[in-house]
Amino acid sequence: MATLKVTDLHVAVEDEETKKRQEILKGVNLVINTGETHAIMGPNGTGKSTLSETIMGNPNYHVTQGDITLDGESILNKKVDERARAGLFLAMQYPVEIKGITNLEFMRTAVNATREKPLPIRKFLKKLDENLKVLNMSDEMTERYLNEGFSGGEKKRNEILQLMMIQPKFAILDEIDSGLDIDALQVVAKGVNHMESPDFGTLMITHYQRLLNYIRPDQVHVMMDGRIVKTGDASLAEKLEAEGYAGLKDELGLDVNLVDDDVSVGGGGVACFQQKLESSILHF
């Protein structure tokens, strides 16, 4: 069993206008073991995506206090590619396009980067063909440049295909349900559920309970104002769907702003990081 642990995590970003750092995460505590599925919900601006980007090593987010450990070892000083090789995977909210690199080339490089010996090409292609069928994707998708010209749904399926090929210890799924119709959502969820095993853990970030109808979480965490304020089972998500975040805010007696107030990291920081994450895999 592997364990991903976030302890008293405080994270700040630099405001692009004032150049002053603003604290986004204000003491997040979270423990995820392989074999478990966790979901984080909460209104916009509460730090959900900040948490995912920080775990994966986005340099635009500055850890000012606390730690993130994988199997007891801190990963704060590890680069993006080192975290990926250690067993972390981020399915991006807005996957970027990289021209000149085909899906097949990218995935074969990524798969081999996590192994002591390269996976023989025949075994790789057999595994790829099996996973394409699970996700109802055509062989033609593998020959296209990475995400170039893909629809939103195709990009999300492609993220899950990468996940299924790489088989990390932990996957962080940052709003993989955004922009998907029901059919596409079911296919994406089918791929995630196909990964279920004692050696794999999932952290899903979502606004909506509908994703959890297809990927059943063991625990649901609610974030507000940069903290996890409540944890429960799948029924907590159903309660949020019925009563909204305002109801939980009042129930807990929290004095927090639920209006969208995300802080920009400036200069397309998240998009640049996502391209850096994709590119770093090619240079393992």
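How much space lies in the second largest pocket? About 380 Å³, and this briefing also visits a sheet and the helix that packs on it. This is a predicted model, in which local features need pLDDT of at least 70, side-chain atom pairs count only at pLDDT 80 or more, and totals for chains, interfaces and linings use all residues. Residues are numbered from 1 along each chain as its sequence is written, and side-chain values use heavy atoms, with hydrogens and water left out.

**The sheet**
- Look for 4 strands in an open, antiparallel sheet, ordered S2-S1-S4-S5 (strands are DSSP runs of E, at least two residues, and helices runs of H or I, at least four, numbered from the N terminus; two strands pair if DSSP finds at least two bridges between them).
- At the edges, strand S2 (21-33) and strand S5 (73-74) each pair on one side only.
- Strand S1 (residues 3-14) and S2 share 10 antiparallel bridges, and Val11 stands opposite Leu25 in S2.

**Helix H1**
- In helix H1 (residues 48-56), 8 of 9 residues are buried (under 20% relative accessible area, 1.4 Å probe, protein chains only), including Leu51, Ile55 and Met56.
- Gly57 follows H1 and has a positive phi, near 105°.

**The second largest pocket**
- Its lining has 22 residues, with Lys127, Met165, Ile166, Gln167 and Pro168 nearest the centre.
- Helix H2 (80-86), helix H4 (121-134) and helix H6 (152-166) each give two or more residues to this lining.

Methods: On a 1 Å grid over the protein atoms alone, a cavity is a set of points where a 1.4 Å probe fits but cannot get out, and a pocket is an open set with protein on both sides within 12 Å along at least five of seven lines; lining residues have an atom within 4 Å of a point. Grid points are joined across faces, edges and corners, and a volume is the space filled by probe spheres set on the points. Buried means under 20% relative accessible area, exposed over 50%, partly exposed in between (1.4 Å probe, protein chains only). Contact means heavy atoms within 4.5 Å. Axes are lines fitted to C-alpha atoms, for helices over the stretch in contact, and angles run from 0 to 180 degrees between N-to-C directions.
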